[in-house]
Amino acid sequence: MKKNPVEGFSKYSKSAKLEWIIFNYFQNSENSLNLLKSYWHNDAEIQKLHDEFIENSLTNFYIPYGIAPNFLINNKLHCIPLAIEESSVVAASAKSANFWLNRGGFNSTVISTEKIGHIHFLWEGSDFYELQLFFNNTKSKLLQVTEQITAKMRARGGGITDLKLVNKTDIEPNYYQLEATFETCDSMGANFINTVLEEISKKLKLEIFESNLSSKNITVIMCILSNYSPRCLVKSEVQCEIKSLNFNKEINPNEFASKFKTAVRIAEIEPYRAVTHNKGIMNGIDAVAIATGNDFRAIEACAHAFASRNGKYSSLTHVDITDGMFKFWIEIPLSVGTVGGITSLHPMVKFSHHLLGNPGATQLMCIIAAAGLAQNFSALRSLVTSGIQKGHMKMHLLNILNQLEATEDEKAQIVEYFKDKVPTHYAAVEAFCKVRGIKDPSTLKIYL
Ligand code: MEV
């Protein structure tokens, strides 16, 4: 069926949007329409709330919401919410939380909370010092125009912390920035920062126009916060005596600590490994970010830029082994909010905040950093001992069996069978065929 472009789709009513998509992409299939509708919330008010989060909303998209209890962070017990589809992540978090619960827990410290935004502009003058002098004389006027929009934030103890002119002409002709730094308290601050920058930029243009500068040719290219916030930084750490790493009869604590340290060292020096290593950390961080209504794309982008800050992509976690002590820590920028955005709207996000004891942004930074460290500990613990597939496939087994449409009884038999074996995809299918009495696995319509 040839597809035609659609005009003004966002203005269609929800039912017209559904009709259009089902007609054009699903041959008017009743089943497809019912599928979309089956994911609607049965409380129309809640559904409307979700529909209004975005444009062209048709339905909801589920991902599981799980919890990892027993997280001892700064001497306080937490039950951490995780929204994630990957089978083994919650199990790994919970395992790590339990492991460290009896070894002092996680110790998290916020190092700094600075956010950054820029007015990127071109100025056609040739003398930076002339522009700098103009900026020094105009700075207070530029800040003054923000008074009203920063009033509430200032009352909460935040606001603009600095505004400076940056010369970027070494990388691009005529390119300058006004760089503003902010304290945004419990909000992530994106809207606040962007509004402030846009206000300052209007005044900047006006002031340049009315100035005695040798060139009044200024082009404001854009006003935008930077999602790279290396000075919104948190550290989370676990530590114990090496002899306490005695969780597995097959590997002695010293050998475990040494293999673990080398695994982290490899991630510190080898980008191919570092990317996977950090991806595992982000499994935990993104899942908590989503559950608490935070922008995980911003957190991801920032984390990876930070991991490259020394010119080479590297590990976000580190290990030290000194005087019989094992120390493992993460340092990561986390720009998160506990107010604003969807935090007071999305019912499950509100639930997550309640579950965490309604933390402020700095407490949430501490919790999320611990979740990332826990995830990395679990991954490395498996990688340097049993291998990752044992735990991963154990959790993934039910996905394979669901794909095969196994009955509850068949699932129970097969899960029991794999209790002491690694369920590879092939082995799971083989076991299923045996239980169901299928002679030739290749007759099954699943991807092997
Ligand atoms: C899988 O989602 C994450 C891991 O690959 C992380 C790692 O290798 O450290 C297990």
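Which residues are linked with Lys 141 in a network of salt bridges? The exercises below work on a predicted model.

**Exercise 1. The salt-bridge network**

Task: name the members of the network that holds Lys 141, then place and classify one of its pairs.

Solution.
- Step 1. The network links Lys 141 with Lys 203 and Glu 207.
- Step 2. Take the pair of Glu 207 and Lys 141. Their closest N and O atoms are 3.5 Å apart. The cut-off is 4 Å, so the pair passes as a salt bridge.
- Step 3. Locate the partners. Glu 207 is in helix α7 (residues 190-209), and Lys 141 is in helix α5 (residues 128-144). The bridge therefore ties together parts 66 residues apart in sequence.
- Step 4. Check exposure. Glu 207 has 10% relative accessibility and counts as buried. Lys 141, at 37%, counts as partly exposed.

**Exercise 2. Two further bridges**

Task: find the salt-bridge partner of Lys 14 and that of Lys 235, and assign an exposure class to each residue.

Solution.
- Step 1. Start with the total: the structure holds 16 salt bridges.
- Step 2. Lys 14 pairs with Asp 51, with 2.6 Å between the closest N and O atoms. Lys 14 belongs to helix α1 (residues 14-25) and Asp 51 to helix α3 (residues 44-51). The two are 37 residues apart, and the pair links distant parts of the chain.
- Step 3. Lys 14 has a relative accessible area of 24%, so this residue is partly exposed. Asp 51 has 15%, so this one is buried.
- Step 4. Lys 235 meets Glu 237 in a salt bridge at 3.8 Å, N to O.
- Step 5. Lys 235 is partly exposed at 25% relative accessibility. Glu 237 is buried at 14%. The dividing value is 20%, so the two fall into separate classes.

**Exercise 3. Aromatic pairs**

Task: are the planes of Trp 20 and Tyr 25 stacked, tilted or edge-to-face? Repeat for Phe 71 and Phe 106.

Solution.
- Step 1. The count of aromatic pairs is 25.
- Step 2. For Trp 20 and Tyr 25, the ring centres are 5.8 Å apart and the planes stand at 55°. Stacked needs under 30 degrees and edge-to-face over 60, so this pair is tilted.
- Step 3. Tyr 25 is partly exposed, with a relative accessible area of 42%.
- Step 4. For Phe 71 and Phe 106, the centres are 5.4 Å apart and the planes are at 35°, so this pair is tilted.
- Step 5. Phe 71 lies in strand β1 (residues 65-73). Phe 106 lies in the loop between α4 (89-101) and β3 (107-110). They are 35 residues apart and link distant parts of the chain.
- Step 6. Phe 71 is buried at 1% relative accessible area. Phe 106 is buried at 2%.

**Exercise 4. Charges over rings, and a cluster**

Task: which ring does Arg 103 lie over, and which ring does the charged end of Lys 3 sit over?

Solution.
- Step 1. Arg 103 lies over the face of Phe 99, 3.7 Å from the ring centre.
- Step 2. Phe 99 also belongs to an aromatic cluster with Trp 100, Phe 247, Phe 256, Phe 260, Phe 326, Phe 328 and Phe 377.
- Step 3. The charged end of Lys 3 sits over Tyr 25, at 4.9 Å from the ring centre.

**Exercise 5. A surface patch**

Task: which residues form a nonpolar patch with Leu 35?

Solution.
- Step 1. The patch is made of Leu 35, Tyr 39 and Tyr 62.
- Step 2. Together they have about 330 Å² of accessible area.
- Step 3. Leu 35 sits in helix α2 (residues 30-38).

**Exercise 6. Cysteines**

Task: how many disulfides are there, and how far from Cys 232 is the nearest cysteine sulfur?

Solution.
- Step 1. The count of disulfides is zero.
- Step 2. The cysteine sulfur nearest to Cys 232 is that of Cys 302, 7.8 Å away. A disulfide needs sulfurs within 2.5 Å, so Cys 232 is in none.
- Step 3. Cys 232 is buried, at 1% relative accessibility. Cys 433 is buried, at 3%.

**Exercise 7. Positive phi**

Task: where do Asn 174 and Glu 405 lie, and are they buried, partly exposed or exposed?

Solution.
- Step 1. Most residues other than glycine have a negative phi.
- Step 2. Asn 174 has a positive phi, near 65°. Its place is the loop between β5 (159-167) and β6 (175-183). Asn 174 is partly exposed, at 28%.
- Step 3. Glu 405 has a positive phi, near 60°. This residue lies in the loop between α13 (388-403) and α14 (408-417). At 64% relative accessibility, Glu 405 is exposed.

Terms used
Residues numbered from 1 in each chain as written. Predicted model: local features only at pLDDT ≥ 70, side-chain atom pairs only at ≥ 80, totals over all residues. Heavy atoms only, no water. Salt bridge = Lys/Arg side-chain N within 4 Å of Asp/Glu carboxyl O. Helix = DSSP H or I, 4+ residues; strand = E, 2+ residues; numbered from the N terminus. Buried < 20%, exposed > 50% of the residue type's maximum accessible area, 1.4 Å probe, protein only. Phe/Tyr/Trp six-rings, centres within 6.5 Å; stacked < 30°, edge-to-face > 60°. Lys NZ or Arg CZ within 6 Å of the ring centre and 35° of its normal. Patch = residues over 30% accessible without salt bridge, like charges linked within 9 Å, V, L, I, M, F, W, Y side chains within 5 Å. Areas by Shrake-Rupley, 256 points an atom, 1.4 Å probe, with all protein chains shown as cover.
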